[in-house]
Amino acid sequence: MEKSDLIRRVESARSGWDGLLSQVDDELALRSGTEGELSVKDLVAHVTWYEREVVKMLRTRTMDGSDLWALGPDERNAAIHDEIRGMSLEDVRAESAGVFAALMEQLELLPDEAYHDAARFSDMPPDWVPWKLIAGNTIWHYPDHTGSIRRLTRRER
């Protein structure tokens, strides 16, 4: 995928994500049980954690991310939840917006050729494709959670 295509898709996917979240009032956003025991607030913080990791990778051009990457997905997600559990809904929303703005800035700054060349990032396995790593933590990540949020909003109508 080319840089301009990925940027366009990230913007579009995020617009859909934000549109869905705008249908969730504050009380509903804090209610556990949207996905397992997680609330919508927890899911937004979870997605934001992954986006923040992409921002770090793009800024530093290295794979030196959180120690949580050494854990399996379920353990990592549980640890992420423990990290963000005490955040207020307002703080989660503000962080999500700020991280997304930083993500878009870094995507624009990343040279076109770096979207396809793992060698442009320190410690990235040579068989990885950077744009796929970015997509996996953004446009391919939102759909993992939109179904749960849609079901919640339908139940509450």
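1. Contacts in this predicted model are weighted towards distant parts of the chain: among those with a separation of 6 or more, 71% join residues 24 or more positions apart.

2. The secondary structure consists of seven helices and zero strands, giving the pattern α-α-α-α-α-α-α along the sequence.

3. As to overall dimensions, the C-alpha trace spans about 50 × 30 × 25 Å along its principal axes. The radius of gyration is 16 Å, which agrees with the value near 15 Å expected of a compact globule because the protein has 157 residues.

4. Of the 157 residues, 45% count as buried. The largest nonpolar core holds 41 residues, and L6, L58, L107 and I134 are those touching the most other members. At least two residues of this core come from each of α1 (3–21), α2 (26–30), α3 (40–60), α5 (89–109), α6 (130–136) and α7 (143–155). The greatest contribution is that of α3, with nine residues.

5. Another core, of five residues, lies apart from the largest one; W49, Y50, A79 and I80 are among its members.

6. Which residues are in contact with I134, leaving aside its neighbours within four places in sequence? They are L6, V54, M57, L58, L107, L110 and Y115. Of these contacts, L6, L58 and L107 are also named with I134 among the core residues that touch the most other members.

7. Turning to the surface, the accessible area of the protein comes to about 8300 Å², and carbon and sulfur atoms account for 48% of it. The protein carries 20 positive and 30 negative charges, whose mean positions are 5 Å apart.

Key. Residues are numbered from 1 along each chain as its sequence is written. This is a predicted model: local features need pLDDT of at least 70, side-chain atom pairs count only at pLDDT 80 or more; totals for chains, interfaces and linings use all residues. Side-chain values use heavy atoms; hydrogens and water are left out. A nonpolar core is a set of buried Ala, Val, Leu, Ile, Met, Phe, Trp, Tyr and Cys residues joined through side-chain atoms within 4.5 Å. Buried means under 20% relative accessible area, exposed over 50%, partly exposed in between (1.4 Å probe, protein chains only). Helices (H or I, at least four residues) and strands (E, at least two) are DSSP runs, numbered from the N terminus. Contact means heavy atoms within 4.5 Å. The radius of gyration is taken over C-alpha atoms; the globule rule is 2.2 Å times the number of residues to the power 0.38. Accessible areas come from the Shrake-Rupley method with a 1.4 Å probe; for residues, only the protein chains shown count as cover. Lys and Arg count as positive and Asp and Glu as negative; His and the chain ends are not counted. The place of a charge is taken as NZ of Lys, CZ of Arg, CG of Asp or CD of Glu.
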